[in-house]
Amino acid sequence: MRSNFFIVLCAGLLLLAGGPAASADDAQAPAGQAVQQPAPPTAPKPQADPTEGRPYTSDGAGSIALQYWLTPAQPKLRNGDAVPQGGNANLDFARNNRQAVPGVTLSLPAGSNHTLRFSYFRTQGQGNTTSPGDLAIFDTVYEPGDYLSTGYTLQNAKISFDYLSWPFPVNFRSIRIKTLWEMQFTTIRYTLNAPLKPTEDDKGNFINNVAEGSHTFVYPTFGLGVEKFLSRKWRVEAKASGFALPNRPAVLDADAFVAYCGGSYEFMVGARGFHFRTSPREEHFMRGTFTGAYVGLRWYPGR
């Protein structure tokens, strides 16, 4: 009986020892058959550039532009409401038919489609004319026919928020409309001189032959702009803004241009008009209109 028990015990031990080995052998792949490896993860597809194919616009982008404006200029000096009795300041300054006006515009993005622009131009002119009659400008008196040397300097600085108002929601349709919310600073200084007149009377008293004046005003201006895409790189744009009150200063600024954009640079050709009037409530006031063609070059540093 002990031998039988010993035989059964040995058989059980053999079965226990052979079971795992058999299982391991069963798990092995048959000879000659390739083991299938898991597929490597696929790389994500590159995302398309959302700006690819869109037309170029100056909206929502940082840039700096330089303009060169060629315009005839002839500002006019006129009597104001506060002119004293006997005063007369009606004089047209000497006309300059080829006045060169440099200007600069700095644009900063104010959202994906809106722009904050800072612009400035300065022009000055001088020339000779004759007094059309008796003139009394401040404390200086000129007689009819007096030879006069005139000069002036006009400066204008503007802050403009160009807000894309249509289409809504925003897309790149062929026509876009913007509302313009601005603040403008305008100043003009002028000088008149009669260099051929004597500077002393018969008693040796000094005679002043120079008259100088200046006018400055700050105004909010409002306007509209229209932009039309001709192609991806060609566009036309027109803007006009202004503000005026009765018997107060007035300012009007308008321009239209066609632009070609290639890479980081944009070339512009257009026409511009600028009109101003200082306050007629003063003793004297100035007014003038400047119109003419201009060229410009805009640089987009981040494009």
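These legends walk through several close-up views of one predicted protein model.

Numbering starts at 1 along each chain as its sequence is written, and side-chain values use heavy atoms, with hydrogens and water left out. Because the model is predicted, local features need pLDDT of at least 70 and side-chain atom pairs count only at pLDDT 80 or more, while totals for chains, interfaces and linings use all residues.

**View 1. The whole protein, with one helix and 14 strands.** Helices (H or I, at least four residues) and strands (E, at least two) are DSSP runs, numbered from the N terminus. Of the 303 residues, 36% are buried, meaning under 20% relative accessible area with a 1.4 Å probe, protein chains only (exposed is over 50%, partly exposed in between).

**View 2. Where the predictor is sure and where it isn't.** The average pLDDT (the predictor's confidence in each residue, from 0 to 100) is 87, and 83% of the residues score at least 70. Among the elements, helix α1 (residues 2–27) has the lowest mean, 47, and strand β13 (residues 265–277) the highest, 98. Residues 13–17 have pLDDT below 50 and, beyond near neighbours in sequence, zero contacts in the model; contact means heavy atoms within 4.5 Å. Residues 19–27 also have pLDDT below 50, again with zero contacts beyond near neighbours in sequence.

**View 3. Q67 and its surroundings.** Look for Q67 in strand β1 (residues 63–73). Q67 counts as buried because its relative accessibility is 17%. Its side chain makes a polar contact of 3.4 Å with the side chain of T105; such a contact is a pair of N or O atoms within 3.5 Å, where within protein one must be able to donate a hydrogen and the other to accept it, and residues adjacent in sequence count only if both atoms are side-chain atoms. Leaving aside neighbours within four places in sequence, Q67 touches residues including V101, P102, Y294 and G296.

**View 4. Three strands in a row: β10, β11 and β12.** Strands pair if DSSP finds at least two bridges between them. β10 and β11 (residues 234–244) run antiparallel, joined by eight bridges, and a hairpin of four residues links them. Next, eleven bridges join β11 to β12, also antiparallel. Follow E237 across: E237 in β11 is the bridge partner of E227, and E237 stands opposite F257 in β12. The β11 and β12 hairpin has five residues between the strands, and there N247 takes a positive phi near 60°.
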